[in-house]
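Below is a short report on selected local features of one protein model. Please view the sequence and structure first.

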Amino acid sequence: MPPDTQPTHSPGAALELLVHGVGGTTPQEMLRDPRTTRVTGDATAAIYRRTEDIAAEGDPRRQRDEPVAEAYCWSNLTSGNGSRALWLLLLPFMVVNLAHWMRPTAPGRPRAVRLYGLLVRLVALSLTVLLTAAACEVALDLAAWQCAGEPECSGQRSWLGFLSTAQDGWWSQPGRRLVVAALVPTALVGLLWYLSNRTWSAYESARPLSFDAPERTVAEAEAAATDTEGASSDLDPDLDLDPGPGPAVDGPPTVRPALGRPGFWFGRRLVARLRAAHTAAGFLTVAAAVGGPAARHDRAADGPVPGVLGGALEGALVVGGLVVVLVVCRRGRSERRLDNRIDRAVVTFLPGAALALLLLCAVYASWSRPGWVSDGTLPGEVTFRVLAIGQGVLVTALAAVALSLYTRNPESRTTLYGLGGPAVATLACALGGVMTGGVAQRVADWLDGSGTPGMGRGSVIEGPPVLLSWQASVIPVLLLLLLVPVLTLIVRTARSARRMGPAVEKEYGERRPDPERTRRIARTRATAALTDTAPRLIGALSGATLFLGAGAVAGSWATGQVPGLAMDGAAPVVESLAEAAQSTGSWMVGVGFILFVTWGRRAYRDVSARRTIGILWDVGTYWPRAAHPFAPPCYAERAVPDLSSRMSAWTGRTRGRLVISGHSQGSVLAASAVWQLPDATRRRVALLTYGSPIERLYGRWFPAYFGPVALEGLHRSVHCWRNLWRATDPIGGPVGIEEGGRPEVDRGPLKDPLVYGRTPELPLPEPILGHSDYQADPVFALERAALLERLGPALPRQADGEVQGSSGRSSG
């Protein structure tokens, strides 16, 4: 540890690197100065200083005052123009990608880790097929097959005139109508490929700065050509020992979690591979929707086209699907090295081969078949049913693997006993089903005019598969079931607020308390504690979703009719409830989809709205795209290398003291960047976090990466770390690292508000700050000064490049 007394000479340059949280802020607000200058970076993410501080390191007077402040602004990585609200349409992909990172810790179990990742990737692949199948259902089945094949429907849609059977034109044959309609899902798959490729280039292609780090571990060297998902059974999939180059430190060895590995924030190889596989899966799904009906017609009737051609194409589609599954299963993430290679055979030929097969199916379906008439619906019912059953099986297997991992190494803070990942994967499948079913229901209602598709009363077209109607019908039931836990939480929160009242008044020592002021403070604290009950609510939601989803599949399979018709002949109450659930659910998924896009656009344009829901979005896009390549881009693959490069470059150039100061999600980025630093640099850096979800959210939901062992390793490897938190903060919380029975890192809960009532110093009522403006608390400046003091003076560069005088032990 540095000596307690400060040297008489100048302590050297000091820098505070500020990292903002959710919603972002301007450099002027962060630096509290209207005059700022960009030091490094671009319009997407950059580091700013006050204009007067551009050359502050060379000013001896500044070395005796407060540290020079720099602001890292990364808000444009996750927000910007309103068009980015379209990313919200990719929400199911983002949610299933989250499930990949939610697995429990798995020391010594690389095969189970690999199986867990494989199952999540298969669930993600099923979502791509589901989205494409839904687009095929809307374009090929509802529009081209049903409406264009029915003159009463196509006569009301002028844009379907050239496809209508009433026109008896060249395009009126069913196969050719399907080929034209296939342009819609094909364009959708191409758009997803384009967005994934473009966002990778814009956000994640920044290769991390290569440090000449002498602390490269033996484990990293042995794993130079292995995947993190268990190709080498001798390595811990979660943690690497990190002894560092300096003198030995008393106590257990320092560990570096997976987030500190060289290749963690550069997943180019896996993303490119998955992008090729998912693009091919989308094209193959469209090809099956185009060629399948023609092949079935040729087998069932004597016509001009040999049935063997359809059989050959279907066989090729099956082989293509197996190749896609094999590519998805074959490789996980390469984290222990900076893997810049590309599997060129897969990336180049797989999507192209799938597209070529789609073109062959289009040519085959366009072959003249004069006797072919589009009747009924396309066999989409089987497709959606198989997808729903397959997703249920995969999620159940994922839950079994996660529970096995948890029981071998249980941690009390892990949410849902390790089942957080399977629960979130279930919600991703439910979101995908609701969104796709909602679009199909609304399009069917629009095409059918005044009729109700599937009900047989004035309906012109058959409508979408009955499974989609059953899935929509369970939504009102699900909401009614959720009323019980929600009302229970409301009652418990109100009771908790009442119980907190006397403790609040005692804390502030008020002789004449104001009941309204007391209630407001207590209510804010009780509401902030609701965050800790979210796992139970999500667990109940996912369990009910899985149960009701299974019921929807069983009901559609057993009856073959929509719920309103399936219950004909039952008791009048049951029949009316079924019809009400069907109509209400159909309305809810349609309106909910519209509101979802509208609110998403508002969240990207309105800062206040973004701060309300932004934490969930920023948590989702913090993680690399390890399961689904079409998920929204990972901003941390740009932000973490930015921060670690800046810290390493500045400390190497000035040999000065550096405090990286992160608020909210910025604290997670700060910790991730510190983990990426070379050991010699990391031991000269202090970490200040406030309003941080690093344990309350990340440590509980992502235990393999932010669990107790990983956070204790960060505590031991960084020179010193302090975490500030408030009881009124619904996001931030304590880290929970203790030594000798007392908090070693945490300082809190801080008083909020700072004073209870009016005082001569503060004559106006102080606000309850909650998650915001931690820097307004005097404790912030005191803790920052204490961290700089513990860092000690700047030390001269030694001949061997090491720094003397710091054991690297954190002093919280």
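## A buried asparagine

Asn97 is buried, with a relative accessible area of 1%. The model is predicted. Asn97 counts as buried because its 1% relative accessible area falls under the 20% cut-off. The residue is part of helix H2, which covers residues 91-101.

What is Asn97 in contact with, leaving aside its neighbours within four places in sequence? The list is Trp623, Pro624, Arg625, Ala626, Ala627, His628 and Ala631.

## Positive phi outside glycine

Arg655 is not a glycine, yet its phi is positive, at about 55 degrees. It sits in a loop. Helix H19 (636-654) lies on one side of that loop, and strand S7 (657-663) on the other. Is Arg655 buried or exposed? Arg655 is buried, with a relative accessible area of 13%. That label applies because 13% is under 20%.

Ser664 also has a positive phi of about 55 degrees, and Ser664 is not a glycine either. Its loop runs between S7 and helix H20 (665-676). Strand S7 thus has a part in both descriptions: the Arg655 loop is between H19 and S7, and the Ser664 loop is between S7 and H20. Ser664 is buried, at a relative accessible area of 1%.

## Cis peptide bonds

Which residues does the cis peptide bond with omega of about 0 degrees join? The partners are Gly748 and Pro749. Pro749 belongs to strand S12, residues 746-750.

Another cis peptide bond links Asp752 to Pro753. Its omega is about 5 degrees. Pro753 is a loop residue, placed between S12 and helix H25 (778-791). Strand S12 therefore serves as a reference for both prolines: Pro749 is found in S12, while Pro753 lies in the loop between S12 and H25.

## A nonpolar surface patch

Where does the model show a nonpolar patch on the surface? The patch is formed by Leu480, Leu483, Val486, Leu487 and Ile490. Together these residues have about 460 Å² of accessible area.

Leu480 is one of the patch members. Helix H13, residues 466-508, contains Leu480. Leu480 is exposed, with a relative accessible area of 57%. The term exposed fits because 57% is over the 50% cut-off.

How values were computed
Residues numbered from 1 in each chain as written. Predicted model: local features only at pLDDT ≥ 70, side-chain atom pairs only at ≥ 80, totals over all residues. Heavy atoms only, no water. Helix = DSSP H or I, 4+ residues; strand = E, 2+ residues; numbered from the N terminus. Buried < 20%, exposed > 50% of the residue type's maximum accessible area, 1.4 Å probe, protein only. Contact = heavy atoms within 4.5 Å. Patch = residues over 30% accessible without salt bridge, like charges linked within 9 Å, V, L, I, M, F, W, Y side chains within 5 Å. Areas by Shrake-Rupley, 256 points an atom, 1.4 Å probe, with all protein chains shown as cover. Salt bridge = Lys/Arg side-chain N within 4 Å of Asp/Glu carboxyl O.
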